Amino acid sequence: MSTMVSPNKKETELSALPEFTPALAKELEPLYRRVASVIPEFEWPVYARYIKAINDLKRERGAIVLAHNYMTPEIFNCVADFSGDSLQLAKLAAQADADIIVQAGVHFMAETSKILSPEKTVLIPDERAGCSLAASITGEDVRQLKAKYPGVPVVTYVNTSADVKAESDICCTSSNAVQVVESLGVDEVILLPDEFLAKNVATMTDVEIITWKGRCEVHEQFTTEDIDELRDANPGLLVLAHPECPPEVMAAADYAGSTSDMSNYVKKEQPEKVALITECSMSDNVAVENPDVEFIRPCNLCPHMKRITLENILHSLQTLTVEVNVDPAVAEKARLAVQRMVDLPLRKVSGPKFRTQQPLAHVEYAAL
Ligand code: SF4
């Protein structure tokens, strides 16, 4: 169970921020050059004032900002000390030489950072930043599932609460889920809570999968018609999809992988035109690092990720709120499940794409 201190909602008035003087413009010019392709020049002076205030305060407090790949470009590129997918961020939180971590992401990510770094202060700028997958299941649901399927190991996607992780044998991410399922050496596993990730994993393994009816509210919206329309309008388009998408969308894509996998793939392959079938900001952030690639941008926003702004990051640093805490007994059990995954020898299992043409007969829903 996690407990949080309520934030003081008052955020910094613009008048209290550093002025956008020629000296500040010059100081932040390298940052602006980085994001100029995705942030219009007329918007920059306001962003720059927050960025200066945040970066100065981080140094003063000995704090770092960890930004998920779905953060907007001014956060991802201009105030983040580290960026990546949720698991990379939690590992970075544990390794970082900082006492205060501001998690620019959603609540389960801040909890995972706290689980791996119990001695550090972990802050989330808006405690309402949730996740439809994490909200789809509770620790009690998992206990009931274990009673219904005794002896069947539980694999839990990292997009879950600490309570759910604590009831699990091992965690997984979207890029290592097949590897984790097969590492257990059993014929049947419970893979929670994303039914689409479970179905996509089932196409790549002979292990029987029992799943749950959780869905990512962003990725479930993509359809094969979207992909057909994008391809018709953009000949030669390469389509990369996230494994939280429905199986038929994965089948229609050219490559599947986590946000980090997609980013690495574009960096390495440098396709002429690419569409990332995932949250909107991902394309902006990958585009900054790949100026020669044309990004076609299908856009589904995650409303939870978009709750994090420069304004509330600054407020979080000023007030040291909202602190995320996890009950030590729950954290200890959850840490074991995360650590078992981290300790698995790395084997690449995502891409070139999930074998979605295979029948999905061996997925069973775990309706209680
Ligand atoms: S994009 Fe989907 S999985 Fe990620 S935080 Fe938003 S709702 Fe959750």
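**Questions on a predicted model**

Student: How do the residues of the shell around the ligand divide into nonpolar, polar and charged?
Tutor: Happy to start there, and please keep in mind that this is a predicted model. There are 13 residues around the ligand. By class, the shell divides into seven nonpolar, three polar and three charged.

Student: Which residues come nearest to the ligand?
Tutor: The shell includes nonpolar, polar and charged residues. Of the 13 residues around the ligand, those that come nearest are Cys-131, Ser-132, Cys-216, Val-218 and Cys-302.

Student: Let's move to helix H7. Why do its buried residues line one face of the helix?
Tutor: H7 spans residues 139-148, and its buried residues are Gly-139, Val-142 and Leu-145. Looking down the helix axis, these residues line one face because they fall within an arc of 115°.

Student: Which residues are exposed on the other side of H7?
Tutor: The buried side carries Gly-139, Val-142 and Leu-145. Turn to the other side of the helix and you meet the exposed residues Glu-140, Arg-143 and Ala-147.

Student: What covers the buried residues of H7?
Tutor: The cover includes both strands and a helix. Among the elements are strand E6 (154-157), helix H8 (162-166) and strand E8 (188-192).

Student: Are the residues of E6 buried or exposed on its two faces?
Tutor: In a regular strand the side chains alternate between the two faces of the sheet. In E6, Val-154 and Thr-156 are on one side, with Val-155 and Tyr-157 on the other. Both faces of E6 are covered, and these four residues are all buried.

Student: Which residue in E8 is the bridge partner of Val-154?
Tutor: E6 and E8 run parallel and are joined by three bridges. Val-154 is on the side of E6 that also holds Thr-156. Its bridge partner in E8 is Ile-190.

Student: And in E7, which residue is the bridge partner of Tyr-157?
Tutor: Strand E7 covers residues 170-172, runs parallel to E6 and is joined to it by three bridges. For Tyr-157, the bridge partner in E7 is Cys-172.

Student: What covers the buried residues of helix H13?
Tutor: H13 comprises residues 259-269, and Thr-259, Asp-261, Met-262, Ser-263, Tyr-265 and Val-266 are buried in it. Their cover includes strand E10 (238-241), strand E11 (255-256), strand E12 (273-277) and helix H14 (280-289).

Student: Which residue with a positive phi follows H13?
Tutor: Look in the loop between H13 and E12. The residue there is not a glycine, yet its phi is positive, about 45°. With 11 other C-beta atoms within 10 Å, this residue is exposed. The residue that follows H13 is Gln-270.

Student: Is Leu-320 buried or partly exposed?
Tutor: Leu-320 lies in the loop between H15 and E14, and its phi is positive, near 55°, although the residue is other than glycine. Counting its surroundings gives 15 other C-beta atoms within 10 Å. With that count, Leu-320 is partly exposed.

Student: What is omega for the cis peptide bond from Thr-321 to Val-322?
Tutor: Val-322 is in the loop between helix H15 (310-319) and strand E14 (324-326). The bond from Thr-321 to Val-322 is cis, and its omega is near -5°.

Student: One more: which residue does a cis peptide bond join to Leu-192?
Tutor: Omega of that bond is about -10°. The partner is in the loop between E8 and helix H10 (195-202). The residue joined to Leu-192 is Pro-193.

Terms used:
Residues numbered from 1 in each chain as written. Predicted model: local features only at pLDDT ≥ 70, side-chain atom pairs only at ≥ 80, totals over all residues. Buried ≥ 20, exposed ≤ 12 C-beta atoms within 10 Å, placed from the backbone. Arc of directions from axis to C-beta. Contact = placed C-beta atoms within 7 Å. Near = placed C-beta within 6 Å. Nonpolar A, V, L, I, M, F, W, Y, C, P; charged D, E, K, R; others polar. Pairing = 2+ DSSP bridges.
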